Amino acid sequence: MNKTRLFAIIKKEIIHIKRDRISLVISFIMPITMLLLFGYAVATEVDHIPMAVFDQSKTYESRSYIEAYKNSLYFNPDFYVSSIEELNRLLDEGKAKAGLIIPPDFSQYKVKMVKPLLKIDGSDPTTARTALSSGIMVSQMFSNNIVQKELKVKGMKMPSIRIDLSTKVEYNPELNTQVFTIPGLLGLIMQNITIILTAFALVREKERGTIEQLIVTPIKSSELMIGKLLPYILIGYTDFLMVLGLSMYWFGVPVRGNIYLLLLLGLDFITCALAIGILISTVAQTQTQAMQGAFFVLLPTIILSGFIFPREQMPTVIRAIGDIFPLTYFLVILRGIIIKGIDASLLVHQIVIITLMSVFLLTVAILRFKKRLD
């Protein structure tokens, strides 16, 4: 091996690396960013589950019962409602993952059987299993504590404490994991495919040298961006239909809500994801940079969007970072329509944000693309 030739090649490669500053910066920033994000976001334990409470008793005993759930740290009774309909709506919207319904005669548990009900959002089996087991445990411990206090007062006479907690798992009673993961995979797969499709749209022109031909034409930046976007919308939407059909007929995950609403919102999300790819394409100078940029977006969304881990368990800052990704909102739409069967009135927030993101990202991409070579 000739040392002179070897060092010449090493010097040449270092020069190439220095010239490609974007790739160099990403190679150092990406691992640090990923570790910081995933280190805080990845949490297997589930606690502080948001809970809605419908207390029909409003007595000292019922308040003590609610306090027992709060003190367990498994539940956060954040919502106090005045009707079962309001409680169900919070479960439908996903704001509450559990709902405790206390009957009017709860304070009479020493003389007769009382039956509080714990309703659980089963769309996320991980959270639902924790809520189910923890809810039963808290109710039993509450009863045992009362028994111990009564024994001290009455000596050896066993008091009669009759609290029979009923549980009901909504949306996914069997806690089938596929019912939760398949809609999420549908969104994740569509995001990954569409972003990668358009991330190379302009970069390919630059590397082939055909970008100069586009620059000298009278075509406007907006026409170029939209013209490149529309064919990929057709491809992406065809992929969406195929994956949705496979989810329904191969994996047996039915769409409980309005399928036409799902198809319409799927088009909205695909447009937004393609706009992300187009924006990456206007920034990147090479296909390597485009791939790095795409993965810089794709990897965090797997963790921060709620695809795997419940977002409620993430720190506020990490949850806020997850809010910038359209997949975070589309997963709520997918699981809401497919699993819960909810209508558009409960998804207005998500629909508006995805639509605004699409317009914003496409506008930025158009403004970034200048008809010059520098």
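Reader: Which elements each supply at least two residues of the lining of the largest pocket?
Author: Strand E2, helix H4 (84–93), helix H13 (326–340) and helix H14 (348–368) do. H13 gives the largest share, seven residues. Helices (H or I, at least four residues) and strands (E, at least two) are DSSP runs, numbered from the N terminus. The model is predicted: local features need pLDDT of at least 70, side-chain atom pairs pLDDT 80 or more, while totals for chains, interfaces and linings use all residues. Numbering starts from 1 along each chain as its sequence is written, and side-chain values use heavy atoms, without hydrogens or water.

Reader: What makes a residue part of the lining of the largest pocket?
Author: An atom within 4 Å of a grid point (1 Å grid, protein atoms alone). A pocket is an open set of points with protein on both sides within 12 Å along at least five of seven lines. For the largest pocket, 35 residues line the space. Glu-93, Gly-94, Lys-97, Glu-312 and Val-332 lie nearest its centre. The space is about 970 Å³, counted as that filled by probe spheres set on points joined across faces, edges and corners.

Reader: How do the residues of this lining divide by type?
Author: Into 11 nonpolar, 12 polar and 12 charged. Charged means Asp, Glu, Lys and Arg; nonpolar means Ala, Val, Leu, Ile, Met, Phe, Trp, Tyr, Cys and Pro; the others, Gly among them, are polar. Domain 1 (1–41 + 175–366) and domain 2 (47–152) each give the lining at least three residues. Those bounds come from an automatic or database assignment.

Reader: Why is the other space called a cavity?
Author: Because a 1.4 Å probe fits there but cannot get out. The whole structure holds one cavity of 30 Å³ or more. The largest has a volume of about 40 Å³. Its lining includes Ile-182, Leu-186, Leu-244, Ser-247 and Ile-338. Helix H6 (177–199) and helix H9 (221–249) each supply at least two residues. Eight lining residues are nonpolar, one is polar and none is charged.

Reader: How do you know that E1 and E2 pair?
Author: Pairing takes at least two DSSP bridges. E1 (residues 49–55) and E2 (residues 75–80) have five, in the parallel sense. Met-51 has Pro-77 of E2 as its bridge partner.

Reader: What makes the β-α-β unit right-handed?
Author: With the strands pointing away from the viewer, the path from the first strand over the helix to the second runs clockwise. E1, helix H3 (residues 60–71) and E2 form such a right-handed unit.
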